[in-house]
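Trainee: Before I accept any label given to a residue or a contact, I would like to see the reasoning behind it. Could we go through the structure in that way?

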There are 4 protein chains.
Amino acid sequence: MTDIPKYKLASRQWKNKKTIIDVKGCKIGGDDLFLIAGPCAVESEEQIETIASYTSKLGIKFIRGGAFKPRTSPYSFQGLKETGLSLLKQVSNTYDLGIITEVMDLSLLDTVYPYTDIIQIGSRNMKNYHFLKEIGKTDKPIMLKRGMDATMEEWLLAAEYILLGGNDNVILCERGIRTFDTSNRNTLDIAGIALAKQLSHLPVISDPSQATGNRDLIKPASLASIAAGADGLMIEVHNDPKKALSDGPQSLYLEQLGDMMPDFAKVAKAVGKTCSWSHKHEIVNV
Amino acid sequence: MTDIPKYKLASRQWKNKKTIIDVKGCKIGGDDLFLIAGPCAVESEEQIETIASYTSKLGIKFIRGGAFKPRTSPYSFQGLKETGLSLLKQVSNTYDLGIITEVMDLSLLDTVYPYTDIIQIGSRNMKNYHFLKEIGKTDKPIMLKRGMDATMEEWLLAAEYILLGGNDNVILCERGIRTFDTSNRNTLDIAGIALAKQLSHLPVISDPSQATGNRDLIKPASLASIAAGADGLMIEVHNDPKKALSDGPQSLYLEQLGDMMPDFAKVAKAVGKTCSWSHKHEIVNV
Amino acid sequence: MTDIPKYKLASRQWKNKKTIIDVKGCKIGGDDLFLIAGPCAVESEEQIETIASYTSKLGIKFIRGGAFKPRTSPYSFQGLKETGLSLLKQVSNTYDLGIITEVMDLSLLDTVYPYTDIIQIGSRNMKNYHFLKEIGKTDKPIMLKRGMDATMEEWLLAAEYILLGGNDNVILCERGIRTFDTSNRNTLDIAGIALAKQLSHLPVISDPSQATGNRDLIKPASLASIAAGADGLMIEVHNDPKKALSDGPQSLYLEQLGDMMPDFAKVAKAVGKTCSWSHKHEIVNV
Amino acid sequence: MTDIPKYKLASRQWKNKKTIIDVKGCKIGGDDLFLIAGPCAVESEEQIETIASYTSKLGIKFIRGGAFKPRTSPYSFQGLKETGLSLLKQVSNTYDLGIITEVMDLSLLDTVYPYTDIIQIGSRNMKNYHFLKEIGKTDKPIMLKRGMDATMEEWLLAAEYILLGGNDNVILCERGIRTFDTSNRNTLDIAGIALAKQLSHLPVISDPSQATGNRDLIKPASLASIAAGADGLMIEVHNDPKKALSDGPQSLYLEQLGDMMPDFAKVAKAVGKTCSWSHKHEIVNV
């Protein structure tokens, strides 16, 4: 290439002090381990209500849930759209939860904006630079998922596009990269989490669900992410994974999530993080 | 995944007769080898005029050129935008050339639509399903570049999204996939060209410039693409590659393109294709 | 790494004149397209006799066939071993064919050496540097398959190990690299064939069977390889692919091979290569 | 492929109880976190003595060090060979350390065997099936590194070859796979560690040095490996990394290793593992 692409605003050289994003009472990128849980897609009032009721009891402050679902096949479930957003808002009000949901396309920004607390940018849009520029003009925190074919530099350059738009509140989310080995859905780039933290001042969270595609691996992948220095986790959970309209095999059962949270707290504590939600659990003193 | 993604309209099972797209007097997907040439980005009137003058003399009927340039770094040249489109139109009128240029985002569709004969969808948008659905409602031919992390099935499913919108005129474009080997910019999936032709009725063209990133490899990659059954080639060429604002190293010098065209014709003939432009060249009878 | 690995003897800088290897009357790396055909594994006298009888009639001068088979699973067929070598020798004598077969391990070199005309080094051994050093002390031509995870530089450095041993007769064989897309068994690095020719003076041949793993793609992958400048092809063929003990799906039927050879000759001619075997076929004058 | 490769002896279905390997007083695969440290290559008496003296004080029971070094370039340092083995033995005697070193080729087995306590099989030999069969006939524990292009299934099938030889004491070692992202030397497959533990009864250890190629990432990659369930770690350390003859950039300074060990212990404790060496450190009570 004639020019060497390089990020500036996203780098530690530009700003060494780590960025802490304050949203709905959470300080993302600070000392406290940030947690998001929820279904891949909002499917019904009963579904999202059941899930939100459970996760809020665990002390989890943010709910995820797709309303507009970008699916590989046009014949797959495409999401409840505005109805899905309303359902998210409803449980958000009931349980005082922050919302994170994806804006798939600029044309949907105005629709999604009023409902969400954090705007999610999907892997598929990480290199959609026109989109990134425009989204950078918004004033809500943005979670930028890494493209599954994106190098570390490309990921940070994508963040740079948003930062240049004037929005400083960018959260990086590692969700696995595509490799030759299909025994997992993607390959969680665990050292990439640590490297992103070293190169950038932005918070980095991990999505073990998308990375592994396998509910049996969510716990070890989550613990590893915490140990590697992730600022948070975004985890898919469903009240009835067998009947989930999307990503069932990677969705935890509600109880599984509850059972593993004390372990999250133990590892978090071992690496010097706090877990403000841990008083909700009977955590064995370690 | 809970559902098995699968394409229908894009498949040979659905339509065995190959799709031939008639645009500006070219029949893409027919017996004649279709050629597109032009710069990565439109940079100036002089540049595009010099290039168009030359390529039209070679008998090449379509010109490419980016006006809105999605670049990995926000600090790289981002394109001349509407001015670039006007310049393309100008040389199109002078030399009777068809135009192919990219629509980077739905919000730019109305701007680009009046200028272009074929709408290009970039690799970065191949999995932007909302975009694909909307673009499928247009009535101009669409060239869908393969995502650099897209499997064959994902590529054909992306075409399916467009076809479902009602637009039957989809051209597939193989432009290299991302692999561990960085000795080339990407890895041209040559067998993928043949496989796409076997699985689908849609025309498949090859972009050896993006695939190799290296002007010294354009000729062998082009000849290989023709031999593998590609319906056409899209090649980057520049009047002054050393000074190109983008993709200089992969841009051919004008004379290089002229010199290799007789070889394109020879290999095309060897695999049963015609080259309506070949009377413009002194092709040695083989 | 503390040191920058770099090849010397394998490079064009060291020796610009291309290496032509004279073996059993074939000049590999010269103007004539070199062909090898045969089964993945030698399975029985009847099998190898049927195949050799057919391929020799096509004018193909070399037969391939595994005797010691390195298989991913220990429960798969492991080859006929010495018996397989004897059967190869038998058909070699009957039909005046050159033999190429693999030496899997140094401990098998003495066993295989007397039987083979070209020693094949498998992809799995391309980075077995101790092995490469020792094999470089032999005096028979060596075909070095590219490792499926080997960069261009690593491949040429592997050749360097052999050349340093004193054996100048190294043939490079591209057989596909491992990528995320499993729609083909491997991804044939077609531009890599051209790049290897540019960087090195050594002959480069293509193995479309191993690269695609799919008999329906052998023809386009072969034609593409010839067009890209490959010095030869190594193709798997079987008298009864459905019953083959290994690699059946990628083995051509005998008649398929015969049918596509005139097309090999046409494309070879189009890129300036001769086909000494083509008088055996009724090749349409192009 | 005509046959479906599948492992048996390596699977949990065959043996659900986890394999614990007792060697030099360590129980690999048991509750205690197993640690190996040492240089990439043995370079001199002073070097190995300085390192062994330090690591033994930390309570680390095993030393690693290459004597025969398989290097990508023939012009790189190739190891001290027998002299290197003797130096390993010397420090082993002085400090009561177990030795792990690589057997690169069957022809070197007899040379290396008397010196080593665990036989290391390098990534480059993971698919060298003839070698695996023979090595399976030995009676010392074997550490099988994952090939950098090996799927989970291929890795377990490689273990199967050794187990079929009669040697039950196989340790799996994840050391990173090759992907498109070169910001790290390899990509540590952290979920692969957990998956290997689920599919197999064999111990799994992690090599964060080879995986990341970057000393700044050793600590997070090590902590993540422990959290994901690894039974141990193998870490490269050097008394003078800047002058290391190989792999300097990924070698820890001695003090760095010492400094991070209390953190290893904290995370190990958090996931229920013990650290028999931890009494050597002033570990903050957590």
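**Labels and their grounds**

Mentor: Let us begin with D189(C), which is placed in the loop between strand 8 (170-174) and helix 6 (190-199) of chain C; please keep in mind that the model is predicted.

Trainee: Why is D189(C) called buried?

Mentor: The relative accessible area of D189(C) is 2%, and the label requires a value under 20%, so D189(C) is buried. Leaving aside residues up to four places away in sequence, D189(C) touches D181(B), N184(B) and T187(B), and also R146(C) and E174(C).

Trainee: What makes D96(A) exposed?

Mentor: D96(A) has a relative accessibility of 56%, and exposed means over 50%, therefore D96(A) counts as exposed. D96(A) sits in the loop between helix 2 and strand 5 (98-102) of chain A, and has a positive phi of about 55° although it is not a glycine.

Trainee: And why does D96(C) count as exposed?

Mentor: The value for D96(C) is 56% relative accessibility, which is to be set against the cut-off of over 50%, so D96(C) counts as exposed. In chain C the loop that holds D96(C) lies between helix 2 (82-95) and strand 5 (98-102), and D96(C), which is not a glycine, takes a positive phi of about 55°.

Trainee: How do you know that the span of helix 1 of chain A agrees with what is expected?

Mentor: Helix 1 of chain A covers residues 45-57, which is 13 residues, and the expected span is 1.5 Å times one less than the number of residues. That gives 18 Å, and the end C-alpha atoms are 18 Å apart, so the two agree. Just after this helix, G59(A) takes a positive phi of about 95°.

Trainee: Which residues of helix 1 of chain A are buried, and what do the buried residues pack against?

Mentor: The buried residues in helix 1 of chain A are Q47(A), I48(A), I51(A), A52(A), S53(A), T55(A) and S56(A). Their packing partners in chain A are strand 3 (34-38), strand 4 (62-64), helix 2 (82-95), strand 10 (232-238) and helix 9 (254-270).

Trainee: Turning to the interfaces, what makes the pair E154(D) and R178(C) a salt bridge?

Mentor: The closest N and O atoms of E154(D) and R178(C) are 2.7 Å apart, and the rule asks for a Lys or Arg side-chain nitrogen within 4 Å of a carboxyl oxygen of Asp or Glu, so the pair qualifies as a salt bridge. Across the interface of chain C and chain D the rule finds two salt bridges, together with 18 residue pairs in polar contact, both residues at pLDDT 80 or more. On the side of chain C that touches chain D, helix 4 (129-135) and helix 5 (152-164) of chain C are the elements that give two or more residues, and helix 5 gives the most, with five.

Trainee: How many residues meet between chain C and chain D, and how much area do the two chains bury?

Mentor: In chain C, 45 residues are in contact with 45 residues of chain D, and the two chains bury about 3,800 Å² between them, 52% of it on carbon and sulfur atoms.

Trainee: Why is the contact of E154(A) and R178(B) called a salt bridge?

Mentor: The N to O distance between the side chains of E154(A) and R178(B) is 2.7 Å, which is to be set against the limit of 4 Å, so these side chains meet in a salt bridge. The count between chain B and chain A is two salt bridges.

Conventions:
Residues are numbered from 1 along each chain as its sequence is written. Chains are lettered from A and ligands numbered from 1 in the order in which they are written. This is a predicted model: local features need pLDDT of at least 70, side-chain atom pairs count only at pLDDT 80 or more; totals for chains, interfaces and linings use all residues. Side-chain values use heavy atoms; hydrogens and water are left out. Contact means heavy atoms within 4.5 Å. Buried area is the accessible area (1.4 Å probe) that two parts lose on being put together, summed over both. A polar contact is a pair of N or O atoms within 3.5 Å; within protein, one must be able to donate a hydrogen and the other to accept it, and residues adjacent in sequence count only if both atoms are side-chain atoms. Helices (H or I, at least four residues) and strands (E, at least two) are DSSP runs, numbered from the N terminus. Buried means under 20% relative accessible area, exposed over 50%, partly exposed in between (1.4 Å probe, protein chains only).
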